[in-house]
Amino acid sequence: MDYEAFFHTELDRLRAEGRYRVFADLERRAGDFPSATHVNGRKRRTVTVWCSNDYLGMGQHPAVLAAMHEAIDRCGAGAGGTRNISGTNHYHVMLERELADLHGKGSALLFTSGYVSNWASLATLASRIPGCVVLSDASNHASMIEGIRHSRAECRIFKHNDMADLRRQLQAIEPGRAKLIAFESVYSMDGDIAPIAEICDIADEFGAMTYLDEVHAVGLYGPRGGGISEQMGIAHRLTVIEGTLAKAFGVIGGYIAASPALCDFIRSFASGFIFTTALPPSVAAGAVASIRHLKSSGIERYQQQRRVAQVRQRLDELGLPHLDNPSHIVPVMVRDAVLCKRVCDMLMDRHGIYVQPINYPTVPVGTERLRITPSPLHSDADIDHLISALDGIWTELGLERADPHDGEGGLPAISLAALRPAPAVPAPRPFAVEPPQIAARVAEQEGGIFARLLARLIPTGLRRAYG
């Protein structure tokens, strides 16, 4: 067999289908999010990023940067080994305590990424618990699917967010058999939200464990950023809450939060935890700073929700089709892979706007889209520029527009208005305070390098958002 010819043939097929992925060579700018430098050969120019998973810009926050610098100066670069062999740094211990507290659980366990935390945890639970049957939502992330597949446990896939189908599948399993329901809170491509309370009710009825992926919700929802489960006041009902440090918290890594016994079980049996080098101490330190900040500050969440609402309203006014959902994710629908890439290329080449095309296998064929993620640091001018560019491209390419009165809705999701925080958790305080006042107050309290970094951020990132 001519292996190289096979590789080229398969890649050519992807190109013909419009599904070949081209990475944008970007250089992030500290303190100037969402701007970045696009490097194209010898050319360098400024672009505005509209598809980042650094949802709140915490990867640029001065408290996070200061904590990471301090940890590097104190501990050096790497962890030095696996968690079992010299790699457990005190920053890891502090981070796991913060995560357990965030979700109201007795313990937490760190992994090198959100993908690995799902893969290792689900594979270990499903393979080690005798006779375990996994019930997996049809729209679950690839990391969850691979973990379940690797376990070789029986898996039943229920229709996305369909409680009747979940109940039907559970009724078909013999009583007394171990069961694990795996699902997400916010689904990353359509942006819809799972009926978590109903799933917990059904799990209680059938004696099933629950495994909730809050990757696209932690930091973004709940009075302290504990996710949709915290916002609804039902985190205590879930067996396992899984999350990431790489999105709203702005660094890298994954984790689970659960009972001490369950976390210790995964720690002791999961190969994806045991046989890999630990996160660098500086990353753990940055995560601790980010989580602590978002536990006490709600201004980032509030401003992000304002920006999301603004973008949606402007899209509606021009009939630019987007999926109506209750989350922060704005999927602008193109529904053709070739055209989707062309739209993204035009945005980048003509307007300096970076949005990555989303196509199969990430989404089904015929649902190709731009996945737009407004952040608290996008300005009114940024929004004007994005909407104007999309309007012109839609007209030039003759793309279908939506009826402004109909929208693209119809997703089986719950409204954010229906979400209620747990009564015992206080509401976020800083919403009514002007951001410069918050910055000045924190700078006054903290002093030193943190104050200098924060002062540097005020005239750039924060002024972009609130100016």
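Analyst: Let's start with a rule: two strands pair if DSSP finds at least two bridges between them. We'll apply that rule to a predicted model.

User: Okay, what makes E8 and E9 a pair?

Analyst: Count the bridges. Strand E8 (residues 209-213) is joined to E9 by three bridges, and the rule asks for at least two, so they pair. These two strands run parallel. To spot the pairing in the structure, look for Asp 213, which stands opposite Glu 242 in E9.

User: And how do you know that E9 pairs with E10?

Analyst: Same kind of check. E9 and strand E10 (residues 254-258) have four bridges, and at least two are needed, so this is a pair too. Here the sense is antiparallel. One place to look is Thr 244, opposite Gly 254 in E10.

User: Why is E9 called mostly covered?

Analyst: Strand E9 covers residues 240-244, and five of its five residues are buried. Val 240, Glu 242 and Thr 244 point one way, while Ile 241 and Gly 243 point the other way, yet all are buried.

User: Why is Glu 96 called buried?

Analyst: Glu 96 has 12% relative accessibility, and buried means under 20%, so the label fits. You'll find Glu 96 in helix H4 (residues 90-103). Skipping residues up to four places away in sequence, Glu 96 touches Arg 83, Ala 108, Leu 109 and Leu 110.

User: What makes the link between the side chains of Glu 96 and Arg 83 a polar contact?

Analyst: Their side chains come to 3.0 Å, and the cut-off for N or O atoms is within 3.5 Å, so the distance passes the test.

User: Is Thr 124 buried or exposed, and how do you know?

Analyst: Buried: the relative accessible area of Thr 124 is 6%, and the limit is under 20%. Thr 124 lies in helix H5 (residues 114-128). If you leave aside neighbours within four places in sequence, Thr 124 is in contact with Ile 129, Phe 265, Ile 266, Phe 269 and Ala 270.

User: What about Phe 6: why is it called partly exposed?

Analyst: Phe 6, in helix H1 (residues 3-16), has 41% relative accessibility. Buried needs under 20% and exposed needs over 50%, so Phe 6 lands in between and counts as partly exposed.

User: Which residues form a nonpolar patch with Phe 6?

Analyst: Met 1, Tyr 3 and Phe 7 join Phe 6 in a nonpolar surface patch, with about 500 Å² of accessible area together. Patch residues need over 30% relative accessible area, and Phe 6 at 41% clears that.

Definitions and conventions: Residues numbered from 1 in each chain as written. Predicted model: local features only at pLDDT ≥ 70, side-chain atom pairs only at ≥ 80, totals over all residues. Heavy atoms only, no water. Buried < 20%, exposed > 50% of the residue type's maximum accessible area, 1.4 Å probe, protein only. Polar contact = N/O pair within 3.5 Å; in protein donor to acceptor, adjacent residues only side chain to side chain. Contact = heavy atoms within 4.5 Å. Patch = residues over 30% accessible without salt bridge, like charges linked within 9 Å, V, L, I, M, F, W, Y side chains within 5 Å. Areas by Shrake-Rupley, 256 points an atom, 1.4 Å probe, with all protein chains shown as cover. Salt bridge = Lys/Arg side-chain N within 4 Å of Asp/Glu carboxyl O.
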